[in-house]
Amino acid sequence: MKPPHLAQSPRPQRPSARAALTHLVATCVFVLAVVVASSVVVALVRSPEPPAAGSGRSAPHWINTWTSMPQLTEPGNMPPAPFTGDRAVLVDTTLRQTVRVTTGGERVRLRFSNAFGTTPLPLTAVTVALPLEGRAGVSAVEPGTLREVTFAGRRSTTVPAGAQVVSDPLDFGLRPATNLTVTTYLANGQASLALTSHPGSRTTSYLRAGDGTAERDLTGATPVNHWYLLSDVEVLSPPDTRAVAVLGDSLSDGRSSTTNGNNRWPDQLLDRLRGLPGGNRIAVLNQAAGGNRVLNDGLGPNALARLDRDILAHSGVSWLIVFEGVNDIGTAEPTSAAQQRVTDDLIAAYRQIVVRAHAQGIRVYGATLTPFRGNTPYDDPAGLRETTRQAVNDWIRTGGVFDAVVDFDRAVRDPGDPERLRPDLHDGDWLHLNPEGYRRLAAAVPARWFGKG
């Protein structure tokens, strides 16, 4: 008898063809299940990339169609009495304001900003409507167009200090380059005087006591030429809709343009683009404010500090026009050392703006700075600030950092005296342009910059 460890094992039986086939099918099913499960895990970990503009894919996306740069409201631009108290603002107040959208859509949502608030901002009710006869700066709306805006399904919301809130999408048709009325009621107001606004609205808004969000006309309301609280309007747009943003100061914010006329140069650029094939799918976002500077805070944070909030964080921006720097030159001391420093610092800042925008896939176009000789207080007898402007413009034109350059200086300067604006293009202060001057700036921007692809 053989030891157990030497005992022969029973001869294995040869599997039948049917059994072999069954085993093979089971193995394939198992492998396929593993592959599918792995794909699901990858999909959960890595979100699908959004469709590229012009890719032909049909998924719509949200695009900013109107913006205003949020600022801390200065005392002179606060709501008039009785809408501003000793410790609170807009208590039991309805605020009705109109804004001009750039691109259109069938779904809309709003953004309210409390960027500079030190206390929460409670919004009791918000409605949208079409303004009477489609006009800007009116207190009445078209009958039958009032719609209630909600936030996470609720009528009211509170915007935390320093934050913003986005409304729920609302089915509300907007045509390109038309006006929208937004009416907001604050029962308790904001419990501080740190109010977020955009003072340079060039558009009339209305204030009245009580809840008037559902009223066709705010009879007896107080007019004010400022925007408060509202910072963005977005529309759900086709995939090839994109935006051009403007980073600027009062020359882009439209000082000396027509109140309720929407004839700032970015407005007139929009009007030009709409006449071109595909122009209705190009949004123009004006992120400028009077007194703003590139390097240092002025009226609003400096351009380097606000670039992320005002440009890079906005939906659908493909192009950026940088037209800012004259306030940096004009507020720097008229000495050789100070002006050389502002020249070097502005050039370094422009490089930073381009690098940061390129990281987000945004093309950046530089605009030369327009003349200010004859302006008080920017003009200096020795011409040191003019020397700085010329040096900065030479770098913008030839530095090769911007993706392209628009020569605003050449568009509006006096051919007989290039250090000054053309006398018929400014508002009398030799710095700010009139509507015709702004038309010249808009006409100077090459439309080919915004072609598809």
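1. Thr73 lies in the loop that runs between strand S2 (71-72) and strand S3 (93-100). In this predicted model, Thr73 has a relative accessible area of 5% and is therefore buried, the cut-off being under 20%. The side chain of Thr73 has two polar partners to note. One is the backbone oxygen of Leu195, reached at 2.7 Å; another is the side chain of Ser197, with a polar contact of 2.6 Å. Beyond neighbours within four places in sequence, the residues in contact with Thr73 are Met78, Leu195, Thr196, Ser197 and Tyr228.

2. Two of those contacts, Ser197 and Tyr228, are also bridge partners of each other, with Tyr228 in S15. Strand S12 (residues 196-198) and S15 are antiparallel and joined by two bridges. They belong to an open sheet of three strands, ordered S2-S12-S15, with antiparallel pairing. S2 and strand S15 (227-228) are the edge strands, each pairing on one side only.

3. For the protein as a whole, the counts are nine helices and 23 strands. Of its 453 residues, 51% count as buried. Taking contacts between residues at least 6 apart in sequence, 79% join residues at least 24 apart.

4. Strand S16 (residues 230-237) is mostly covered, with seven of its eight residues buried. S16 pairs with strand S1 (residues 61-67) through six bridges, running antiparallel; in this region Trp62 stands opposite Leu236. S16 also pairs with strand S4 (residues 105-113), again in the antiparallel sense, over five bridges. Here Asp232 in S16 is the bridge partner of Arg111.

5. Trp62 has a second feature to record: the charged end of Arg109 sits over its ring, 4.1 Å from the centre. A similar arrangement involves Arg420 and Trp430, where the charged end of Arg420 sits over the ring of Trp430 at 5.1 Å from the ring centre.

6. The largest nonpolar core has 64 residues, and the members touching the most others are Trp265, Leu320, Tyr350, Val445 and Phe450. Helix H6 (residues 336-358) gives the most to this core, eight residues. Outside its neighbours within four places in sequence, Leu320 is in contact with a list of residues that includes Ala245, Val246, Leu247, Leu307, Ile311, Ile353, Ala357 and Tyr365. A second core, separate from the one around Leu320, has 34 residues, including Val149, Val159, Leu186 and Val233.

7. Leu307 and Ile311, both contacts of Leu320, lie in helix H4 (residues 303-312), where the buried residues are Ala303, Arg306, Leu307, Asp310, Ile311 and Leu312. An α-helix has 3.6 residues a turn, so residues three or four places apart point the same way. The cover over the buried residues of H4 includes strand S17 (242-248), strand S18 (282-288), strand S19 (317-323) and H6. At the start of H4, a side-chain oxygen of Asn302 comes to within 3.1 Å of the backbone nitrogen of Leu304.

8. The structure holds 13 aromatic pairs. One of them, Tyr350 with Phe402, is tilted, at 5.9 Å centre to centre and 55 degrees between the planes. This pair links distant parts of the chain, 52 residues apart: Tyr350 is in helix H6, and Phe402 is in the loop between helix H7 (384-398) and strand S21 (404-406). Tyr350 and Phe402 are both buried.

9. How are the rings of Tyr365 and Phe450 placed? Their centres are 6.2 Å apart and their planes are at 75 degrees, so the pair counts as edge-to-face, for which the planes must be over 60 degrees apart. This pair also links distant parts of the chain, with Tyr365 in strand S20 (residues 363-367) and Phe450 in the segment after helix H9 (435-444), 85 residues apart. With a relative accessible area of 2%, Tyr365 is buried, and Phe450 counts as buried at 4% relative accessibility. Tyr365 and Phe450 form one aromatic cluster together with Trp319 and Trp449.

Terms used
Residues numbered from 1 in each chain as written. Predicted model: local features only at pLDDT ≥ 70, side-chain atom pairs only at ≥ 80, totals over all residues. Heavy atoms only, no water. Helix = DSSP H or I, 4+ residues; strand = E, 2+ residues; numbered from the N terminus. Buried < 20%, exposed > 50% of the residue type's maximum accessible area, 1.4 Å probe, protein only. Polar contact = N/O pair within 3.5 Å; in protein donor to acceptor, adjacent residues only side chain to side chain. Contact = heavy atoms within 4.5 Å. Pairing = 2+ DSSP bridges. Core = buried A, V, L, I, M, F, W, Y, C linked by side-chain atoms within 4.5 Å. Phe/Tyr/Trp six-rings, centres within 6.5 Å; stacked < 30°, edge-to-face > 60°. Lys NZ or Arg CZ within 6 Å of the ring centre and 35° of its normal.
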